[in-house]
Amino acid sequence: MFSFFKRFKGSKEPDATPEDSQTAPESVAPASGAASGTAPVGTQRSAAPTSGAPVARPSGTAIPVAPQPVGATALQATPATGKPRPPIPVESDESTLETVEIVPPPLPEAAAKKSWLTRLKSGLSKTSSNLTGIFIGAKIDDDLYEELETALLMSDAGVDATEFLLESLREKVRAERLTDPQQVKAALRTLLIDLLKPLEKSLMLGRAQPLVMMIAGVNGAGKTTSIGKLAKHLQSFDQSVLLAAGDTFRAAAREQLAIWGERNNVTVVSQESGDPAAVIFDAVGAARARKIDVLMADTAGRLPTQLHLMEELRKVKRVIGKAMDSAPHEVLLVIDANTGQNALTQVKAFDDALGLTGLIVTKLDGTAKGGILAAIARQRPIPVYFIGVGEKVEDLQPFSAEEFSDALLDT
């Protein structure tokens, strides 16, 4: 259920000056309580046994938080002692980082997995009932395939994925001489897992410090909420996080992200209005100075048909690259599963504009159909890092092709 995060040795990243940004952010809004301002360096965790038992983490060197870069007016919270943190060099020495593999404890993970599967099946119950009802007391004939075709199309699987699954299923039934409807259902499950397996990929961290993640998506897809949930998920694996409120156009977007920052004790770099590229550029500098593990940059939501706004996203990506070589390291798109084939259109448009590295699929509950993942797998197989089925923090979990197929077919 949980992804494995690894640290790798890296090299220093030179500072840069934004060529496209004009306005320097005005403030850095700290979260309430103790903010995460240190990052373990030089610690090492060996691979965990297959039983999933937790591995003890050797004590490392705690690195204090550096002073705020020029142009900001507030700093991250100081320690509980009230004493200011001593200054440190802005350049991060990534050569001291070694591989770290974090494995969650077995018992809590098992309980969480059972709860997660229950919520996932509940979210996909509408599509599941349409698909599984076809195999009850059915004969293996053309009528069965026609009903299955209708059910797959209604689940937003799309014409391409539907035709692919049905053709493969017919061949499998003939080759294996299946005669029982439940055997056909099991064969469909296998084909669906094989189709979705290329989308299953863990989010790998540690390639740089900070690892810069640019988050995009249309308004209403759950982008800002997903950032807050993902921050909490990363913190559970001992990752320090900084958020950049780059959505300066939508009303209350900055405030919404600040609320999530307070909940997770994470600092949010923001300003009331202005150039989102400047906000994110300053956040990259702050993250490097503080030796933050992950920086997540929220960007303004826009429709892929708004070409001038899509160009603004390209500008943000260019500015991030000037702030830190090789950044952004991840470009994620948040899509709403309820938007059907429109979600596939968004994936294609944002991928063409930004070069997506991963997806976060939200709202796979209630009226969600779920078949859109099959359409994505056939036409634009971009990894799906996380899927969400509700509003709670634990309702965002890593994507598993086998778990998703089981929930979709109620097996």
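Me: Which residue follows α7, and what sign does its phi have?

Reply: That's Asn265, and its phi is positive, near 55°. Keep in mind that this is a predicted model: local features need pLDDT of at least 70 and side-chain atom pairs count only at pLDDT 80 or more, while totals for chains, interfaces and linings use all residues. Residues are numbered from 1 along each chain as its sequence is written, and side-chain values use heavy atoms, with hydrogens and water left out.

Me: What makes α7 a helix, and how do you know that its length fits?

Reply: Helices are DSSP runs of H or I with at least four residues, strands are runs of E with at least two, and numbering goes from the N terminus. Helix α7 covers residues 253–264, which is 12 residues. The expected span is 1.5 Å times one less than the number of residues, so α7 should span 16 Å, and its end C-alpha atoms are 17 Å apart, which agrees. Across the chain there are 12 helices and 9 strands.

Me: Which residues of α7 are buried?

Reply: Ala253, Leu257, Trp260, Gly261 and Asn264 are. Buried means under 20% relative accessible area, exposed means over 50%, and partly exposed is in between (1.4 Å probe, protein chains only).

Me: How do you know which side of α7 they are on?

Reply: They cover an arc of only 105° around the axis, so they sit on the same side of α7. The arc is taken from the directions from the helix axis to the C-beta atoms. Here's the handy bit: an α-helix has 3.6 residues a turn, so residues three or four places apart point the same way. What covers those buried residues of α7 includes α6 (223–235), β3 (241–246), β4 (267–270) and β5 (294–299).

Me: Why does Ala401 count as buried?

Reply: Its relative accessibility is 0%, so Ala401 easily meets the rule for buried. Ala401 lies in helix α12 (residues 401–409). Leaving aside neighbours within four places in sequence, Ala401 is in contact (heavy atoms within 4.5 Å) with Ile193, Leu196, Lys197 and Glu200. Lys197 is 204 residues away along the chain, yet the two C-alpha atoms are separated by 5.4 Å.

Me: What makes Lys197 and Glu200 a salt bridge?

Reply: A salt bridge needs a side-chain nitrogen of Lys or Arg within 4 Å of a carboxyl oxygen of Asp or Glu. Lys197 and Glu200 have N and O at 3.4 Å, so they qualify. By this rule the count comes to 17 salt bridges.

Me: Are those two buried or partly exposed?

Reply: Lys197 has 41% relative accessibility, so Lys197 is partly exposed. Glu200, at 32%, is partly exposed too.

Me: How do you know that Asp351 and Arg380 form a salt bridge, and where do they lie?

Reply: Their closest N and O atoms are 2.8 Å apart, so the pair passes the rule. This pair links distant parts of the chain: Asp351 is in helix α10 (residues 341–354), and Arg380 is in the loop between α11 (372–379) and β8 (384–388), 29 residues apart. Both Asp351 and Arg380 are buried.

Me: Why is Thr162 called buried?

Reply: Its relative accessible area is 1%, so Thr162 falls on the buried side of the cut-off. Thr162 is in helix α4 (residues 158–176). For the chain of 411 residues, 52% count as buried.
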